[in-house]
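Trainee: I've just opened this one for the first time. Can you walk me through it?
Mentor: Sure. Ask away, in any order.

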Amino acid sequence: MALPWWQSAVVYQIYPRSFADANGDGVGDLRGIAGRLDHLAWLGVDAVWLSPIFRSPMADYGYDVADYRDVDPLFGTIDDLDHLLSELHSRGMRLLLDLVPNHTSSQHPWFAESRSSRASPKRDWYYWRDGGGDGEPPNNWTAAFTGKRAWTFDEGTGQWYLHSFLPEQPDLNWGNPEVEAAMHDVVRVWLDRGVDGFRIDVVDLIGKDPALPDDPPERVGHPHFLFHDDPRTHDLLRRLRAVIDSYPGERVTVGEISRPPRRVAAYYGDHDELHLAFNFAPLLAPWDADTWHTMIDVTRSTLDPVDAWPTWVLGNHDQQRPRTRYGTEGRARAAAVLLLTLRGTPFLYAGDELGLEDAIVAGDQVLDPGGRDGCRAPIPWEIDPPHGWNGAATWLPFPPHADVRSAEAQRPDPASMLWLHRDLLTARRGSDALRTGSFAWLDGADGVLAFERASRADRRVVVVSFVDEPRRVAHQGTIEVSSAAGRSGQPFDGSLLPDEAVVLAV
Ligand code: GLC
């Protein structure tokens, strides 16, 4: 049986505010994205995930949704989304939207209604509770971003509402079947329009014990969502999966679950919950061969036994970019080889293929309450300022070296980071072994990992050096792709350059 498309796909994450701006207001938009699809097609990605484009007051830049059924005017219109979808499909690419089910915006009509009175028919759509006495909130949970309590007191009705994130993001009560049905309707609206699936925001948070028990004292002060792991979520996911799978065309879900791999594995269910879940360990791991060896083993040993397909993530809109984390271009290049050759579905964050660093956003330029502006800086398309962003000043400053790291500067240069990504994607496309083949460790060397990917007669050996000194390994073959410039197509005699990672045809 053919494997579903999302097992062999490379998914490219677009942060719409920062990708490309068609209307010149300094904030990216859907028409802007549609105007840059040649970049994606040339690069060779299979699918695009758009961070939220729904109507939002933007307290958390779209992760606070005020209308799940409409596009925010900042990004364009439903017609623009339809246009983007058909342009992607005509190029053979898929589109995933970002579903934010745990919370709405405090400006969502559901919340306005819920807040209006204790007798509101939607009162129970959110978590309203009496205080713990003496101005105390109902429990001791801590919100993300603010580090303060996860409750806000509502003067009008004299009760508190729960918000695992900002006060502008009240948590929905999925324990109420009406909420579940309403969210299923939202999902259907977009599946009916032809989208290929969803990335689902903090999806492990949606099931909650209605008693909302206190966190243990040692966790107070740490965001509650990091520990929340209620079994009710699995029932909700099974029913959501049934909705998704009732559509033809292999629609997919990928869940955001910020917890250790052993816990993440549970959210795949028995092929009846999430299709995929993010593997965030690589986002947090230092650039070190032993750490990566362990991390890869933990991923395999937790997911393989339950036949769950892994994912790999080096960057997203919440974390420092890999080029910034690893500190040098050489390491970022070697890391790109790993991302795109490990067994599983890679998620590539827009701009990482250009080797962008985080922008320096300091003092009064800071916008994000979670301190994540740096990785959300606008993509430099052209060498000369304003780098393809004509019109108003961009909403955030450009990343460092925007001229030489622009797409325009790198595209003619086969030694560039951009070409390295393209070469890796081309290699994947041509090799069943790299896309979906088996994985086995091979002997490496001190600071060097080596593994084999194989599918029937198709075989590749990947060797990745984590050290900035030359190394020797016992493997030989033809270099199909090297992270070092100018080595592709040459024979490999076992000598690695500093920081070099190679894909060998053997
Ligand atoms: C997820 C998103 C993040 C957002 C948060 C709240 O972690 O990736 O950007 O702020 O959820 O929705």
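Trainee: Which residue meets R459 in a salt bridge?
Mentor: E452 does, side chain to side chain, with N to O at 2.3 Å. Keep in mind that this is a predicted model.

Trainee: Is E452 buried or exposed?
Mentor: E452 counts as buried, because its relative accessibility is 17% and the cut-off for buried is under 20%. R459 is partly exposed, with a relative accessible area of 34%.

Trainee: Where do those strands sit, around R459?
Mentor: Strand β16 covers residues 458–465. Strand β15 covers residues 448–455. Both belong to an open sheet of 6 strands, in the order β14-β15-β16-β21-β18-β19, with antiparallel pairing.

Trainee: Which strands stand at the edges of that sheet?
Mentor: β14 and β19 (491–492). Each has a single partner strand, so one side of each is left without a neighbour in the sheet.

Trainee: What does β14 pair with?
Mentor: With β15, antiparallel, over 6 bridges. β14 runs over residues 438–445. A445 has V448 in β15 as its bridge partner.

Trainee: How many residues lie between β14 and β15?
Mentor: There are 2, and the two strands form a hairpin. G447 sits in the turn and has a positive phi of about 80°.

Trainee: And further along, what joins β16 to β21?
Mentor: 5 bridges, with the strands running antiparallel. V461 stands opposite L504 in β21.

Trainee: Back to salt bridges. How many are there in the whole structure?
Mentor: The search finds 39. One of them joins D80 and R31, at 2.7 Å from N to O. D80 lies in helix α4 (residues 78–90) and R31 in helix α2 (residues 30–34), so the pair ties together parts that are 49 residues apart in sequence.

Trainee: How covered are those two?
Mentor: D80 is buried, at 11% relative accessible area. R31 is partly exposed, at 41%.

Trainee: What about D38, which residue does it bridge to?
Mentor: R91, with the closest N and O atoms 3.5 Å apart. This pair links distant parts of the chain, 53 residues apart: D38 is in helix α3 (residues 37–43), while R91 is in the loop between α4 and β5. R91 is partly exposed, with 33% relative accessible area.

Trainee: New topic. How is the chain split into domains?
Mentor: The domain assignment gives domain 1 (5–103 + 177–425), domain 2 (109–162) and domain 3 (437–505).

Trainee: How far apart are domain 1 and domain 3?
Mentor: Their C-alpha centres lie 29 Å apart. The contact takes 22 residues from domain 1 and 20 residues from domain 3.

Trainee: How much area do they bury between them?
Mentor: About 1800 Å², with 71% of it on carbon and sulfur atoms. On the domain 1 side, A289, T341 and R343 supply 26% of the area buried against domain 3, more than any other three residues.

Trainee: How many salt bridges cross that interface?
Mentor: The rule finds 0. There are 4 residue pairs in polar contact between the two domains. Three helices of domain 1, α10 (289–303), α12 (329–339) and α14 (417–429), each supply at least two residues of the side that touches domain 3.

Trainee: And β13, is it covered or open?
Mentor: Mostly covered: 5 of its 5 residues, 345–349, are buried. T345, F347 and Y349 are on one side, with P346 and L348 on the other.

Trainee: Which strands pair with β13?
Mentor: β1 (residues 11–14) runs parallel to β13, joined by 3 bridges. β12 (residues 311–313) also runs parallel to β13, again through 3 bridges. V11 stands opposite F347, and T311 stands opposite T345.

Trainee: Last one. Where does S114 lie?
Mentor: In helix α5, residues 109–116. S114 counts as buried, at 0% relative accessibility.

Trainee: What does the S114 side chain contact?
Mentor: A polar contact of 2.8 Å joins the side chains of S114 and W128. S114 also touches S120, K122, R123 and Y126, among residues over four places away in sequence.

Trainee: And what stands opposite W128?
Mentor: Y161, in β8. β6 and β8 pair in the antiparallel sense over 2 bridges. They belong to an open sheet of 3 strands, ordered β6-β8-β7.

Note on methods:
Residues numbered from 1 in each chain as written. Predicted model: local features only at pLDDT ≥ 70, side-chain atom pairs only at ≥ 80, totals over all residues. Heavy atoms only, no water. Helix = DSSP H or I, 4+ residues; strand = E, 2+ residues; numbered from the N terminus. Buried < 20%, exposed > 50% of the residue type's maximum accessible area, 1.4 Å probe, protein only. Polar contact = N/O pair within 3.5 Å; in protein donor to acceptor, adjacent residues only side chain to side chain. Contact = heavy atoms within 4.5 Å. Pairing = 2+ DSSP bridges. Domains from an automatic or database assignment. Buried area = accessible area lost by both parts, 1.4 Å probe. Salt bridge = Lys/Arg side-chain N within 4 Å of Asp/Glu carboxyl O.
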